[in-house]
Amino acid sequence: MYEFLDKTLLKWLTNPNVLSQKTSNIIYYAILIIAALGISYLVLVISKKLFKRWGKKLADRTSNTFDDELYNNNFFTKLSLLIPLSCCDKLIKQISSHYSINLGFFNAVINALYVIALLLLIFTLLDVWNFRYKSKNFESGRSITNIVQAIKIVLIIICSIIVLSLLFNVQTSRILTAIGASSAVLMLVFKDTILGFVAGIQLAFNKMVLVGDWIAMPSHGADGIVIDISLITVKIQNWNKTVTTIPTYSMISEPVTNYRYMRESGTRMITRSVYIDASTVKFCDNELMERLKKVDYIKKYLDDKAIEISSYNSDNHTDTSVVINGRRQTNLGIFRAYIFNYLKNSPYIDQNSDLLVRQKQSTNYGIPLEVYAYTSTSSFIPYEGIQSDLFDHIFASIEYFDLKIFQSPAGKDMLHP
């Protein structure tokens, strides 16, 4: 081929009537290099089509999903880049040796492209690994996205050093020395990346926050589900469908409430109070006691309590003609027992968790009666339904015990009859 070009193209270019010797040689070598690049481009087009077709056949033939993911991430297309680079490298070296010209810069560019092509292949493998890991650990919410991104950054830095060394014929040690000298500036520029990388490792290995967790960070106005954890940011989809982006290192340095363990337990806590009008609290008379004995949930309680109180008063020779002497039952105490037994018999309350109905410090709004219990589900909508049904029953049944809920007076309460 070179003999044919020498006899035709070079002979015509070296004609004194056309161009000077120096100019003709430059044009001739430029044509040869352009021809080499053109041939390499044709090889690139052909190899891309062939590798894409072979990759598709491989993905269709096998039952393994790994090659399917390689095909979907264009691994075979990127692999085909090595063929034209090899072809171009060989042509450039042949031109250089045949004509004894120095084409070291082109060789350096091709070697740099080799490094970049290999980097793209490694990136594709990392993306496939990340995708497969997410698919297998979807329910657990584990994510290695931040680790993959950190590996990519390290590889980019290494690749950049190698490419600069090849293009400018500089030793890598000198480049590393320059980077070391500018490390203070680099740490300032990549501060968030470095902090995010460290925080991401802690999040991943300690399982502090996983994709799918419900977390709350009031300092950032975030309250919702974690949808992505990357090297620099964590994305949270709030309940109003907005997305809050928080720096990854903030998950380590600031308070985070994670409701994952509540979900895993299958229970959710109820801590809510009703305020009793203090003026309605009283000792139970015979009429009220007879009425309350008909209530199934406290019938046994009242009988047992009556025996206990009668025995106490008898042993202590209490004068029961005075209502405040000795021990007596109050409508508020019986109501507490009723709510407790009501919860104990509810299928929607977890009986293996703590259960308590207690009276708290009275306030100017009345006497707080707090329900402390756990529902048998942690799902948001059923939980709210169970809680609402419970307090509906409390509000409706409280007057049966001659008690009233305290509420601030409204306009109608101020009207004269």
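This is a short walk through the salt bridges, surface patches and a few single residues of one structure.

Okay, before anything else: what we have up is a predicted model. Keep that in mind as we go.

Let's start with charge pairs. Side chains of opposite charge can pair when their charged atoms come close. How many salt bridges does a search of the whole structure find? Twelve. I'll take you through three of the pairs and then a small network.

Pair one is K152 with D127, where the side chains meet at 2.6 Å, N to O. That links distant parts of the chain, since K152 sits in helix α7 (residues 145-168) and D127 in helix α6 (residues 104-136), with their positions 25 residues apart in the sequence. So are these two buried or exposed? K152 is buried, because its relative accessible area is 19% and the cut-off for buried is under 20%. D127 comes out as partly exposed at 27%.

Pair two is R260 and D213, another side-chain salt bridge, this one at 2.9 Å from N to O. Here the partners are 47 residues apart: R260 belongs to helix α12 (residues 260-265), while D213 is in the loop between α10 (191-206) and β1 (214-217). If you go looking for this one, note that both R260 and D213 are buried.

Pair three is E308 and R327, with the closest N and O atoms 3.0 Å apart. E308 is in helix α14 (residues 296-315), and R327 follows in the loop between α14 and α15 (331-344), so we're talking about distant parts of the chain, 19 residues apart. Both ends have some exposure: E308 is partly exposed with a relative accessible area of 37%, and R327 is partly exposed too, at 28%.

Then there's the network. Which residues are linked in it? K282, R291 and D402, joined by salt bridges. Hang on to D402, please. It lies in the segment after α16 (380-397), and at 29% relative accessibility it counts as partly exposed. It also has a positive phi, about 60°, although it is not a glycine.

Why bring up phi? Because most residues other than glycine have a negative phi. K241 is another non-glycine residue with a positive value, about 75°. You'll find K241 in the loop between β3 (233-238) and β4 (243-247), and it is exposed, with 64% relative accessible area.

Now for the surface. There's a patch of positive charge where K49, R53, K57 and R61 gather. Take K57 as one of them: it is in helix α2 (residues 21-61), and its relative accessible area of 43% makes it partly exposed.

Stay on helix α2 for a second, since S47 is there as well. Is S47 buried or exposed? Buried, at 5% relative accessibility. Its side chain reaches the backbone oxygen of S80 at 3.5 Å.

The other patch is nonpolar. It's formed by F105, F106, L164, L167 and F168, and together they have about 490 Å² of accessible area on the surface. Two elements, α6 and α7, give two or more residues to that patch, and the largest share, three residues, comes from α7. L167, for instance, is in helix α7 and is partly exposed at 31%. So that patch draws on α6 and α7, the helices that also hold D127 and K152 from our opening pair.

Speaking of α6, W129 is in that helix. It counts as partly exposed, with 41% relative accessibility. Its C-alpha is 9.9 Å from that of L70, although the two are 59 residues apart along the chain.

Last stop, and a contrast with all that surface: A373, in strand β8 (residues 367-375). How much relative accessible area does A373 have? It's 0%, so A373 is buried. From A373 to Q387 is 14 residues in sequence and 10.0 Å in space, C-alpha to C-alpha.

If you want one residue to click on afterwards, try D402, which is part of the salt-bridge network and has that positive phi. That's it from me.

Note on methods: Residues numbered from 1 in each chain as written. Predicted model: local features only at pLDDT ≥ 70, side-chain atom pairs only at ≥ 80, totals over all residues. Heavy atoms only, no water. Patch = residues over 30% accessible without salt bridge, like charges linked within 9 Å, V, L, I, M, F, W, Y side chains within 5 Å. Areas by Shrake-Rupley, 256 points an atom, 1.4 Å probe, with all protein chains shown as cover. Salt bridge = Lys/Arg side-chain N within 4 Å of Asp/Glu carboxyl O. Lys, Arg positive; Asp, Glu negative; His and termini not counted. Charge placed at Lys NZ, Arg CZ, Asp CG, Glu CD. Helix = DSSP H or I, 4+ residues; strand = E, 2+ residues; numbered from the N terminus. Buried < 20%, exposed > 50% of the residue type's maximum accessible area, 1.4 Å probe, protein only. Polar contact = N/O pair within 3.5 Å; in protein donor to acceptor, adjacent residues only side chain to side chain.
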